[in-house]
Amino acid sequence: MVHWVKVLEWVLGVVAIIFICYAIHDLKNVKKVLIGRPMRTAELQSKHTKLLWFIALPILSADLYSSVSYGPESGLTELASLGEDAKWLIIPITLATIFLLGILILSYIMGILAYPNGGGAYAIAKDNFKPIWISLVASSSLLIDYILTVAVSISAAMEALVSAYHILAPYETVLAILCVALLVIINLRGVAESARVLAWPTIGFMICMIVVIMAGFIDEFKYGFIKGSTPVIGTFPQNLSILLTLKAFSSACSALTGIETISNAVPVFREPQKKNAIKSYIALGIITAITLLGFSLHIFINGISVNPHNTMLSQLTSTYFGDGIIYQIIIWFTFIVLILAANSTFTGFSQLAAIVAADGFLPRGLLNRGDRLGYSNGIIVLASFASLLIISFNAHTNALIPLYAIGVFLSFTIAQFGLIRRWLKVKGNHWHLKLSINIVGAVITTLVAIIFAVTKFMGGAWIVLIVLPIFIFFSLAIHRHYEEIAYELKLNPETIPITKNVLSIVLISGVHKVVNNTLSFAKSLNSDVIAVYVGFDDEAIKTMEQRWMEWGSPCRLICLKSKYRSLLEPLSRLIKVVEEKHEEKLIHILIPQFIPIKWWHHLLHNHSALMLRVWFIRHKDIAVTTVPFHLRK
């Protein structure tokens, strides 16, 4: 059984790679029943495609808020080797995390005030730093982190589910990939429509966490805040080091990823967009801080230990409610919200990728809007890369955490320094206060980014630090390619269209209706027409010449013999000769092609027309036209 599960995992991985390649194309082939009716471009600015702030809050904050279910656990996991005496450190670590949360929210509010059109750290860096690579570091690190966020959120969701239902453990990775596919469908339906699906589970999870925290306080007021299982406070284990403490802090800070999503997605809010985005940030900061502190406090009081097969949230919930219906509800809400946490990432990734693509640093296919006005290609690219990560790390959160968050804190830092430069340059109302907030934010986020790089380097962060320069290199290469094309295609004022004679070469495979259709089209162009046939032996060529004469020789026929059963070699020689003899003429190749009525009929025929078209377009400076003939049966 496990063998077949592994096979299925890799099959899904191949599918993910195919989707990455497919994502540069339009999504017209996606069934309307999954995506919904196409929406007019004019609806892009209509109210029903924008979100009220209290609806946007649970959607865009799902990534950040859901992290509270595994952030403190990630911090304690780093301290687990030190035993019971180290458990109390989760309290100061959580307090430091909440302090950092406040600084980041204040800083990003400053970013919204300055850049209300979205783009976050990338928009800030592009506007305030001349070197292009700085803004690319911000965008690339965020895009990479978005991919990791999807992988981590869904992996954490599967671990939460497996904690309650151990029988699902062998299928963890496969179920995770299926969840990614479900999210793709939901997001392709559009932000506003997905809001109806995604807002309530996030609100439900918030209520569940408050219920757990309140149950904890009721239990502690009833039985005391110090129990037999409560670790001793203030004891420093012998092997505790500053590096290990910082490593635990950096892991706990994984609960802060996703905080930039609101800043990147300001355009999805209803007017007034800035005010509504700021309201969402303030509400998010308050509820996240309360949940983080309450959850960590109850973990400490109850002496909850790290268990790879049972999450701390599961252990804490079962402590208060047993394994009954309330426990099941909380576990399922945790599972659902961790799955849906990736939704805000889908929105943020596709929005940011489109902004960067508009500047020419990513493929322009990421600018295409789908039927539901979302950036469909960006959604599919994100899902595909995240699926590959999930398969590579077997959907294990602890294996992915070391890769996680370093990129986002790097972009945080760039955003802070960019805003400092802006306030010094622009000034404006209360600029001293804004400047002070961003200076504090810059110092703290720089320290945290350095802590991440140092403490997580050997645990896998080196992968991100290698992938990031590669990503930036390709972004610059893409931009250089677009600039070279623009320069080469630039039209000089004195250049005007000129008229030339055309020599049409019709490639034929026999005498039939498809060839007749193509020759009729060629003769209608008022050009010289030549029919060309490639035979593999003398008998085939003789038969073709005879049938051509019987048909009445509608135009000149040239028969070529292919010694190696190849169409390209004799045709290439002919084109070379024609180019030398008719320098003053344009060469126009017409390729007949019949189109079957059913999709599976394509499997029964060779595709030489497509092969010839691709080859001539890539290797010859000539015009190529495919003339279709639609079959009726």
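So, secondary structure: the chain comes to 24 helices and 5 strands. Bear in mind that this is a predicted model. Of the 633 residues in the chain, buried ones make up 53%. And if you take contacts between residues at least 6 apart in sequence, 81% of them join residues at least 24 apart.

Okay, let's go into the helices, starting with α6. That's residues 90-114, so 25 residues by the count for this helix. From the first C-alpha to the last, α6 reaches 36 Å, and the expected value at 1.5 Å a residue is also given as 36 Å, so the two are close. How many of the residues of α6 are buried? It's 18 of the 25, so the rest of the structure largely encloses this helix.

That takes us to the nonpolar cores. The largest one has 142 residues, and the members that touch the most others are L100, I154, I259, F346 and F409. Which helix gives this core its largest share? That's α8, residues 132-164, with 19 residues. There's another core too, lying apart from the big one: 21 residues, including I505, V534, L571 and F616.

Let me stay with I259 for a second. Skip its neighbours within four places in sequence, and I259 is in contact with L64, L101, L104, I105 and Y108, plus Y281 and F412.

Next door in sequence is G258, and I'd like to look at that as well. G258 sits in the loop between α11, residues 242-252, and α12, residues 261-264. Is this loop glycine buried or exposed? Its relative accessible area is 3%, and the cut-off for buried is under 20%, so G258 counts as buried. With the same neighbours within four places left out, G258 is in contact with L60, D63 and L64. You'll remember L64 from the I259 list. There's also a long-range pairing to point at: the C-alpha atoms of G258 and T149 are separated by 7.9 Å, while the two residues are 109 apart along the chain.

Now helix packing, and I've got two pairs to show. The first is α7, residues 120-128, against α8. Their axes are 8 Å apart and the angle is about 175 degrees. Anything over 145 counts as roughly antiparallel, so that's what α7 is relative to α8. On the α7 side the contact is made by A121, Y122, A125 and K126. On the α8 side you have I134, S135, A138, S139 and L142. Keep the helix geometry in mind when you read those lists: with 3.6 residues a turn, residues three or four places apart in an α-helix point the same way.

The second pair is α9, residues 172-188, with α16, residues 376-392. Here the angle is about 170 degrees and the axes are 10 Å apart. That makes α9 roughly antiparallel to α16. From α9, the contact uses T173, A176, I177, V180, V184, N187 and L188. From α16, it uses S376, I379, I380, A383, S387, I390 and I391.

A quick word on cysteines. How many disulfides does a search of the whole structure find? The search finds 0. As for where individual cysteines sit, C179 has 13% relative accessibility, so it counts as buried. C208 is at 7%, so it counts as buried as well.

Over to the strands, and one serine there. S504 is found in β1, residues 502-508. Its relative accessible area is 0%, so S504 is buried. Leaving out neighbours within four places, the contacts of S504 are S527, D528, V529 and I530, together with H588 and L590. Also, the C-alpha atoms of S504 and L586 are 8.4 Å from each other, with those positions 82 residues apart along the chain.

Last thing, backbone angles. Two residues here have a positive phi without being glycine. H430 has a phi of about 55 degrees, and its place is in the loop between α18, residues 406-426, and α19, residues 431-455. H430 is exposed, at 63% relative accessible area. Then S553, where phi is near 45 degrees. S553 is in the loop between α22, residues 538-551, and β3, residues 556-561. Is S553 as open as that? What we get is a relative accessible area of 36%, so S553 is partly exposed.

Definitions and conventions: Residues are numbered from 1 along each chain as its sequence is written. This is a predicted model: local features need pLDDT of at least 70, side-chain atom pairs count only at pLDDT 80 or more; totals for chains, interfaces and linings use all residues. Side-chain values use heavy atoms; hydrogens and water are left out. A disulfide is a pair of cysteine sulfur atoms within 2.5 Å. Buried means under 20% relative accessible area, exposed over 50%, partly exposed in between (1.4 Å probe, protein chains only). Helices (H or I, at least four residues) and strands (E, at least two) are DSSP runs, numbered from the N terminus. A nonpolar core is a set of buried Ala, Val, Leu, Ile, Met, Phe, Trp, Tyr and Cys residues joined through side-chain atoms within 4.5 Å. Contact means heavy atoms within 4.5 Å. Axes are lines fitted to C-alpha atoms, for helices over the stretch in contact, and angles run from 0 to 180 degrees between N-to-C directions. Angles under 35 degrees count as roughly parallel, over 145 as roughly antiparallel, 65 to 115 as roughly perpendicular and the rest as oblique.
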